[in-house]
Amino acid sequence: MRSRLLYTIIFSAVLFQSVLAQKFNPYYNFKQLNEENGLAQNIVYHFLQDSRGYMWVGTRNGISLFDGVRTVNLLHDDQNKKSISGNFITRILEDADHTIWVGTNAGIDFYDIKENSFHHFSIEKPDGQYQDTYCVLLGFINKYELWFIETESKTIKIFNTKTKKFKQVCSTDAVDGTIYYNSHSNTVDVWSYLSMSTTHMVFRNDSLLSKEEFFGDEKNKGKASLLIFHVFVQNDSVTWLSTAKGLIKLNVSAHTHEVYDTADGRSIKEVRAATLSPNGQLWVSSTSGLFIFDIQAKKFLDNFSNDVLDPFSICSNNIVSLYFDHSGNIWCGSYGDGVSYANVQNNYFSKSLSKSEMKTEKKQNEVLKISADQEGNFWCLVQNVQEFWQLDSSLHIKTYRRPLLDNGKIFNGSVYQLLFNGKYTAWCGTDRGLFLFNTISNKMRQVHYPTFSNELFGSNWINMMIRLHDSSILLSTMSGLYRISEETGKESIKPFSNINQKPFKSFDLMYEDSEKNIYVKDIGQHLYVLQDSGQTGNYLIKKDFVFPSHVAHFSEDENDIYIASATGLYLLHKKNFAIEKSSINNLLPFNGITNVLVQKNKLWLFGEKGLYCLDRMQNTGRLFTTEDGLPANKFDELAMIVTNSGKCLSGTSNGLVSFYPNTLNDTIYPPRPQLINMYVNDSSKGFLANPQHTSAIILSHDQNTFSFDFSCISFQHADACTYSYKLANYDENWIAGGNTHYTRYSRIPPGKYTFMLRVSDASGKRSPYIKTMEINIEKAFWQTTIFKIISAIILAAIVLLCIKWYLRTRIQKQQRAFEKQQAIEKERTRIATDMHDDLGAGLSRIKFLSETIGIKKQMRQPVEEDISSISGYANEMIGKMGEIIWALNEKNDSLSDLLSYTRSYAVDYLMTNGIECQVNAPSTFPSIFLSGEFRRNIYLTIKEALHNILKHARANKVVIEIAIGKKLEVSIQDDGVGFDINNKRPFSNGINNMQKRMEDIGGSLTIIQKKGTTVILSAPLPE
C-alpha cells in the first residue's frame, strides 16, 4: 500500500468576490512557562520587562528572571544576606535609573545588577525602629519617590530611594492598589483594591486632597458592596474595574459606570485583571479565560481558554494577572498553572478544524485535501475519516457528509480528491474508480471508462485530477493517464497521449503551465513534459527526465517551473527545459517540500518543519512555526488553495490554517545579545557575577585564556537566532558562530581588547544591539616599559661593570704578576739574606776556625776544641738549611703540615734541653692552604718563643695550646721566672722580630706575665 494518500489541486480563482469581506479571526499559540521548565512557582501575579529586555516574573515563592530561553530563579536564602528578603512578591518596578525595586512580605529590596544580589530595606516604624513587614509597591511619582502600602499598619508611605528615608502619607483600608499620575492637575491618584469596594484618593505634594469610595456598602447612594480584584486607570476620566460581577467602566468625574458581563451570550463572572494592548484593545482576564474587549464597540470580541487537546492554548482559565511587554507579547499569570505568553502584534494565521471541533471523529483533524465549490464553501478531507467536511467562507464547520452510493449503501472506499464540476456536483477520485458526487443528494455515481488494468493498483486507482485550459479533466491512475472531455454533450473518458505506451505507466502528480505544457510524474523515476502537437487533443512527449525524487507540487512564474519534492526545490527552465536544484535549498531548515506558492517578490515553501518565506529581492527568509501561530509545523501535500481575496488555505497535521501571504508584513522584535558566563583559564566557575552588565574587566598576564557562554534576550524564535563575535585588536573579521552559544580565546597577549557580540533574528536580520566588554590584559612586570628601561639600564650597568671588572681583573692580574715577581724577588732576597745571615756566619766561623787550626798546628797547639766547634757550627748550619728547604717546599703548604712540623720541632727541642713539653691540639687539622711566608713566620715566631724560654725562663714545663677557627691561635705557656717586657735588654730584637713577623701575616702577638710567661700568637687563616 502506498505510504501517503493522494492529494488535491491548487486553485486561485474559484470563489466569488463576496469572500473579500470575510472576517479574519486571530489565533494565538501560547507558550508556557511553569515549574516544569524553570518557573519558581505556578502562582503568578506580577510581571515587569526591564529596560534591558529581561522579563521579571513575581510569584508567591520568589522571582523568575526569564530571557526567552533561560530561567534564573531569585529566592530568599537565610544563609545569604545578599539574597532577596522575602519570597512573597507584591510588585516589581524599575526606576528612572533602571534600578529594579521589589516589594516582598519582608520589606523593600533593590537589585544590584552587577553583583547579581539584593540590598534590603526594612520599614521604619513610628517609634523610629525598623521592621521587616509586608509591603506593596505602588509606583514612582518622580525619580526618587517610591509610593507603597505597608499592610501591617495599613498606611501609604513614601520611600526616598536617594536619601533612604521614609515618610508616612495617610492610612488606608486596602492591602493593594494602583497609582496614577495626572499630569494635567499635577496630582497623584491612588486606587485601592483586593477588598470590598475601591477607594479613590487624590494627593498633591503628598497631601490628601480628596477621598471617595466606589461600590462600597453605601446605602444612601444605592450601591451594593462589590469585591474589586484589580483597577486599571486608562486616562483621567476612565477607569476599568475588574470585579466579581464582571468588567466595569467607571467615569470618575461623572460618577457613572457601565457593566460588561456577557460575551456571545455567555455570562462572564470574576474578571480578575485588565490592561490595554499597544493597538488600543482592552485585554481582560477572568475565571473563564482570556478576552479581548473592544473599547469602541463596547463588547467582547475573542475568548482564549484552556483546551487540553491543544498544547498551544492558554495554560489556565483562571488568569489573575496581565502584562504587555515592549515587543507586543501578552503575559498571562495564572493561579496555579504558571504563565502563558504570545505575541499579539504579529497576528498572521487563523485556525479552524481544531481537535476540539473534531471530537465526534476521534479528534482526527489532519487535513489531507481542500477544495472550493462555486458557492464559496470549502470541502476538506481528513486523515482516517471517510466523511467530507463542508466549511463556510469563514472556515466554520457547516456540515459533514458521509457519501452514499446509488443503492443507498455507505461508500467505504478512500476518496483522494474532489474536483467540482458544477454548482452541486464534483468528480471524486478514489481507490475504486471515478465517481460523480451530488452535494444535494449526498450520493456518488460511478463513471466507468476503458482500463489498461483492473488489478487493485490498476486503472481504477485514481491518484490525481486536474482541469486543463480547455475545461477537460486529466486523470492519473496506477495504470494509465486518462482524459475526461465532452463529446456530443456527454462525458468521454479515453487514454491520453502516447505516454500510455511507456512500459511503466503508474502516474501520479500532474500540472499544466501557462503555455499549455503538461508535466506528469510517474511513481518511479521519470518526469515527462507533454506538448500539444497541434492536432486536437494530441500531446507528444517533449522531454523525458530521469527524476527519482518524489514530486509533491508544481508552481510557476514567468521563467521557471518550481518543483517541490522530497529532496528539496528544483527549477525547470521553460526556455530550454533544463532542470537544476535551486540554491534556495541552502537556506531551508528542511528538505521535504510539500507545497510551493510563488509570488512576485516572495516564495512560500511548505514543509515538514513549518512554513518558510523567502524574500527573493533580499535573498533572505525565515521559518514560520507554531511559535508564530501555525496550528502545526507539518503541512500535507497539495492541501492548499488560494482564494480570489488572496487568502491562502492549507491543510496541516492539526487542522486548517489560513493567512494572507500578500499582506503579511513580518516583524520580529530585535533580539539582544547577552553574555551568560565568562570563564578564565578554563575554570569551571564563572569569573564574573553578571558578565552581561560588566562593561570592562582587568585580567593579569597569566589570565590570558578566557571563554564566554552567550545567548540572546528574545521571546520570538530565540532558538533560531544566529551569533557572530569579534575580539577587537585580535580578530581581523567578525566570526560567524551560527547557532553555537560558546567561544574560547587562548593565550591572548597583553593589551587592550574589546569583545563584541551581535545576533541576527530568525529572518537573518541583524539586531542593532551589540554587547561589548572591554578586556585589559595587564603585562607582567617584566613586560612593562619601565621594567624594560630599568632592565636596559641594569644591562648597560652590567656591561660597564663587566668591562670595568675585566679591566680591573686584567690590572689585578698584571698587579698580581708584578707582586708575584716582587714576592719572588723578595723571597730570593730573603733566602739570600737568610743564607747570608744564617749560613754565611757559620761558614765564616768554620773558615776562621779552620785557619785557626792551621795556625795552631804550626805552633803545635791543641786544636780539639776548635774541631769540636766546627762540628757544632756544621750541625747548626745543616738544621738551618733544613728549615729553609722546609719553608720553600710547596708540598708543605697546608696548615696540617705547618702544625705537625712545628709540634715535632717543639717537643724535640724542649725535651732535648730537659724541659717537659705538653702539646694540646685538635685530633685532626683542616687542609687549608698556607703560603710559604705564613708558614715561615708562624714557625720562626714559635721557634723564637721556645728559644727565649730555654735561654731566659729557667722553666721546667711548657704547655702549647693550638686552637683552629677563623684564626690560628697558638698559646705557649711556661712555668719559669718570667721577665719584664718593659726592662728588656738594650739592642735585643727577639720580641720585636716576633711581633713584626705576626704583623706581616696580619696577626698579633700577646705576652702575658702570670705564673710564668704566656705567649699568644693569633693569625687569620685564609678562607
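How do the residues of the lining of the largest cavity divide into nonpolar, polar and charged? In this predicted model, the lining of that cavity comprises seven nonpolar, eight polar and three charged residues. The space enclosed by the largest cavity amounts to about 160 Å³, and of the 18 residues that line the largest cavity, Ala342, Asn343, Glu627, Asp628 and Gly629 are the closest to its centre. Strand S33, which spans residues 339–343, contributes the most to this lining, with three residues. Asp628 also takes part in a salt bridge, its side chain meeting that of Arg622 at 2.9 Å, N to O, and both Arg622 and Asp628 are buried.

A search of the whole structure yields seven cavities of 30 Å³ or more. The second largest cavity has a volume of about 130 Å³, and of the 13 residues lining the second largest cavity, those closest to its centre are Gln49, Ser327, Tyr669, Pro670 and Ile713. By class, the lining of the second largest cavity consists of five nonpolar residues, seven polar residues and one charged residue.

Pockets were examined as well as cavities. For the second largest pocket, a volume of about 1200 Å³ was computed, and of the 41 residues that line this pocket, Arg91, Gly177, Thr178, Tyr193 and His230 are the closest to its centre. At least two lining residues are supplied by each of several strands, namely S2 (44–49), S3 (55–59), S6 (89–94), S12 (135–140), S16 (176–182), S21 (227–233), S27 (271–276) and S31 (319–324). Of the elements that contribute to the lining of the second largest pocket, S16 gives the most, with six residues. When the lining of the second largest pocket is sorted by class, 27 residues are nonpolar, ten are polar and four are charged.

Two of these strands are also connected by a pair of charged side chains. Arg91 and Asp176 meet in a salt bridge with an N to O distance of 2.9 Å; because Arg91 lies in strand S6 and Asp176 in strand S16, this pair ties together parts that are 85 residues apart in sequence. Both Arg91 and Asp176 are buried.

In total, the structure holds 25 salt bridges. One of them joins Lys494 to Glu487, with the closest N and O atoms 3.5 Å apart. Lys494 counts as partly exposed because its relative accessibility is 43%, and Glu487, at 36% relative accessibility, likewise counts as partly exposed. Elsewhere, Asp50, Arg52 and Glu94 are linked in a network of salt bridges. Tyr54 is located in the loop between S2 and S3 and, with a relative accessible area of 9%, is buried, since buried residues are those under 20%. The C-alpha atom of Tyr54 is separated by 55 Å from that of Phe545, a residue 491 positions away along the chain.

On the surface, a nonpolar patch is formed by Leu795, Val799, Leu800, Ile803, Trp805, Tyr806, Leu807 and Ile811, which together have about 830 Å² of accessible area. One member of this patch, Trp805, lies in helix H1, which covers residues 785–858. With a relative accessibility of 52%, Trp805 counts as exposed, because the cut-off for that class is over 50%.

Note on methods. Residues are numbered from 1 along each chain as its sequence is written. This is a predicted model: local features need pLDDT of at least 70, side-chain atom pairs count only at pLDDT 80 or more; totals for chains, interfaces and linings use all residues. Side-chain values use heavy atoms; hydrogens and water are left out. On a 1 Å grid over the protein atoms alone, a cavity is a set of points where a 1.4 Å probe fits but cannot get out, and a pocket is an open set with protein on both sides within 12 Å along at least five of seven lines; lining residues have an atom within 4 Å of a point. Grid points are joined across faces, edges and corners, and a volume is the space filled by probe spheres set on the points. Helices (H or I, at least four residues) and strands (E, at least two) are DSSP runs, numbered from the N terminus. Ala, Val, Leu, Ile, Met, Phe, Trp, Tyr, Cys and Pro count as nonpolar, Asp, Glu, Lys and Arg as charged, and the others, Gly among them, as polar. Patches are made of residues with over 30% relative accessible area and no salt bridge: like charges are joined within 9 Å, nonpolar side chains (Val, Leu, Ile, Met, Phe, Trp, Tyr) within 5 Å. Accessible areas come from the Shrake-Rupley method with a 1.4 Å probe; for residues, only the protein chains shown count as cover. A salt bridge is a side-chain nitrogen of Lys or Arg within 4 Å of a carboxyl oxygen of Asp or Glu. Buried means under 20% relative accessible area, exposed over 50%, partly exposed in between (1.4 Å probe, protein chains only).
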